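Let's walk through this one together, beginning at the ligand and working outwards to the fold. Have the viewer open as you read.

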Amino acid sequence: MSKNILIVYFSHGGENLIEDRIVDLHGVGNTKVVAEALQKALIEKGGKANLFEIEPLIPYDKSYDATLARSRQEYQDGAAPLINDGPNGFEAYDVVFLGYPNWWGTIPAPILSFVRDHNFTGKTVIPFVTHGGQRFLYSVETIAKEARGATIKEGFAVAAAYLSAAPSVIEDYLKKNPDLLG
Ligand SMILES: Cc1cc2nc3c(=O)[nH]c(=O)nc-3n(C[C@H](O)[C@H](O)[C@H](O)COP(=O)(O)O)c2cc1C
């Protein structure tokens with residue numbers, strides 16, 4: 001039987017720095033693109049996967065500089081800002097893919113909020129990251145510390161500058177982890 005999979009992600013779809021240029025992502029952040037490609041791939045292969053987007057109650061500014069400043073402060077404070085209500089029926093999922101941009105070498109603060117707000121006992125958590133070159137860096141350690149009761153499984157990383165490689169990264173990942181499709 002295929003696993004009951006939830007893909008949870010946070011993504012900032014405003015301005016971003018890609019290969020030293022400020023680019024407006026027009027509401028569709030890199031991590032959102034990867035999360036949607038993952039859901040598509042899982043469903044095409046006969047799996048079951050729902051998507052849930054984490055949204056901070058006070059959204060990040062569209063501006064790259066303002067987002068950098070706010071997130072730096074949150075990182076320094078270990079802040080966990082208020083976020084939207086979680087997905088229905090979280091208890092029923094076996095596997096939770098957790099997707100985020102690498103911010104300051106670790107998870108963005110809204111991911112910390114989500115992880116603290118939910119009970120991960122008995123669940124497998126698979127992190128996936130989009131990044132400007134540093135892949136996961138410290139983010140997986142932080143998730144492992146905060147998501148009490150979860151089993152953390154190795155995930156996958158997609159570089160912001162090579163976003164178009166996402167479908168093949170996902171394809172390779174699912175080939176190596178056929179158990180996800182039951
Ligand atoms: C506030 C901020 C901090 C970032 N910090 C890092 C970092 O420490 N290491 C890294 O490799 N990339 C970093 N990046 C680049 C992002 O991880 C990358 O562009 C990512 O794909 C953005 O995903 P999104 O569009 O889903 O928000 C940072 C980007 C922002 C906006």
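**Around the ligand**

Start with the ligand: 22 residues surround it, and those that come nearest are Gly29, Thr31, Pro101, Gly132 and Gln134. As for secondary structure, α1 (30-44), α2 (64-77) and β6 (124-131) each give two or more residues to this shell. If you're thinking about the chemistry of that shell, the split is 15 polar residues, six nonpolar and one charged. Keep in mind that this is a predicted model.

Now zoom out to the whole chain. Five helices and eight strands make up the secondary structure of the protein. Reading from the N terminus, their order is β-β-β-α-β-α-β-α-β-α-β-β-α.

One spot to look at within that opening run of strands is the pairing of β2 (residues 15-18) with β3 (residues 21-24), which is antiparallel and spans four bridges. Asn16, for instance, has Val23 in β3 as its bridge partner. The two strands form a hairpin, with two residues between β2 and β3. In that turn, Glu19 has a positive phi of about 50°.

What about the overall shape? Along the principal axes, the C-alpha atoms fill a box of roughly 45 × 35 × 25 Å. The radius of gyration is 15 Å, which agrees with a compact globule, because a globule of 182 residues would come out near 16 Å. By the burial count, 34% of the 182 residues are buried. Finally, take the contacts with a separation of 6 or more: 78% of them link residues 24 or more positions apart.

Methods
Residues numbered from 1 in each chain as written. Predicted model: local features only at pLDDT ≥ 70, side-chain atom pairs only at ≥ 80, totals over all residues. Near = placed C-beta within 6 Å. Nonpolar A, V, L, I, M, F, W, Y, C, P; charged D, E, K, R; others polar. Rg over C-alpha atoms; globule rule 2.2 N^0.38 Å. Buried ≥ 20, exposed ≤ 12 C-beta atoms within 10 Å, placed from the backbone. Contact = placed C-beta atoms within 7 Å. Pairing = 2+ DSSP bridges.
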